[in-house]
Amino acid sequence: MNDPQVGWIAAIIVGGLAGWLAEMFMKTGTGIFMNIILGIVGAALANWLLGLLGVSLGGGWIGFLVAGFIGACIIIFAWRAIRGAT
């Protein structure tokens, strides 16, 4: 499991799953590619925000899934707030 390519594959799978869960929760109509992007970027955003608060979700796949879900929901909410304001 120390192969870097396995890490990228896992990030894509977990990011896609987190983005899909956020899509279902936030009732958006994004596609699979956007779900993957939302999940990966959302995980980075959530880890950074939670790190500022001193909260750690752990380094496991479940922690990344939860962070991706939280971050993707934040991104979708922010996008809707910006788009609605203009």
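Is V14 buried or exposed? In this predicted model, V14 is buried, with a relative accessible area of 13%, and the legends below begin with this residue.

**View 1. V14 of helix α1 and the residues it touches.** The close-up is centred on V14, which is placed in helix α1 and falls in the buried class because its relative accessible area of 13% is under the 20% limit for that class. Once neighbours within four places in sequence are left aside, V14 is in contact with W61, F64 and L65. A further residue to look for is I62, which is 48 residues from V14 in sequence but 8.7 Å from V14 in space, C-alpha to C-alpha.

**View 2. L65 of helix α3, with its contacts V14, L17, A18 and L21.** The contact between V14 and L65 can be followed here from the other partner, L65, which lies in helix α3. L65 has a relative accessibility of 18% and therefore counts as buried, since the buried class takes in values under 20%. Neighbours within four places in sequence being set aside, the residues in contact with L65 are V14, L17, A18 and L21. For L65 and L52, the separation is 13 residues in sequence and 19 Å in space, taken from C-alpha to C-alpha.

**View 3. N35, a buried residue of helix α2.** N35 is found in helix α2, and a relative accessible area of 4% is the reason that this residue is classed as buried. Apart from neighbours within four places in sequence, N35 is in contact with G15, G16, G19, W20, E23 and T30.

**View 4. A43 of helix α2 and its contacts F64, A67 and G68.** A43 is also a residue of helix α2, and its relative accessible area of 14% puts A43 among the buried residues. When neighbours within four places in sequence are not considered, A43 is in contact with F64, A67 and G68; F64 also appears among the contacts of V14. A43 and A18 are separated by 25 residues in sequence, and their C-alpha atoms lie 8.6 Å apart in space.

**View 5. The largest nonpolar core, with its 6 residues.** The residues of this core are A22, M26, L38, A72, C73 and I76. At least two of them come from α1 (4-26), and at least two from α3, with α3 giving the most, 3 residues. A72 can serve as a point of orientation, as this core residue touches A22, L38 and G42 when residues up to four places away in sequence are not counted.

**View 6. A nonpolar patch on the surface, with about 910 Å² of accessible area.** W48, L49, L52, L53, V55, L57, I62, V66, I70 and I74 form this patch, and the area given is for these residues together. Two or more of the patch residues are given by each of α2 (32-53) and α3 (61-85). L53, a patch residue placed in helix α2, counts as exposed because its relative accessibility is 67%, a value over the 50% limit. I70, a patch residue that lies in helix α3, has a relative accessibility of 32% and so counts as partly exposed. L53 can also be set against C73, a residue of the largest nonpolar core: L53 and C73 are 20 residues apart in sequence and 18 Å apart in space, C-alpha to C-alpha.

**View 7. K27 in the loop between α1 and α2.** K27 is placed in the loop between these two helices and has a positive phi of about 55°, although K27 is not a glycine. The relative accessible area of K27 is 70%, so this residue is classed as exposed.

**View 8. Spans that carry the UniProt feature "transmembrane region".** An unreviewed UniProt entry places this feature at residues 6-25, 32-55 and 61-82. In the model, residues 32-55 are 92% helix and 0% strand, and the end C-alpha atoms of this span are 29 Å apart. Residues 61-82 are 100% helix and 0% strand, with end C-alpha atoms that lie 31 Å apart.

Key. Residues numbered from 1 in each chain as written. Predicted model: local features only at pLDDT ≥ 70, side-chain atom pairs only at ≥ 80, totals over all residues. Heavy atoms only, no water. Patch = residues over 30% accessible without salt bridge, like charges linked within 9 Å, V, L, I, M, F, W, Y side chains within 5 Å. Areas by Shrake-Rupley, 256 points an atom, 1.4 Å probe, with all protein chains shown as cover. Salt bridge = Lys/Arg side-chain N within 4 Å of Asp/Glu carboxyl O. Helix = DSSP H or I, 4+ residues; strand = E, 2+ residues; numbered from the N terminus. Buried < 20%, exposed > 50% of the residue type's maximum accessible area, 1.4 Å probe, protein only. Core = buried A, V, L, I, M, F, W, Y, C linked by side-chain atoms within 4.5 Å. Contact = heavy atoms within 4.5 Å. UniProt positions renumbered as here; feature names shortened; annotations may be inferred.
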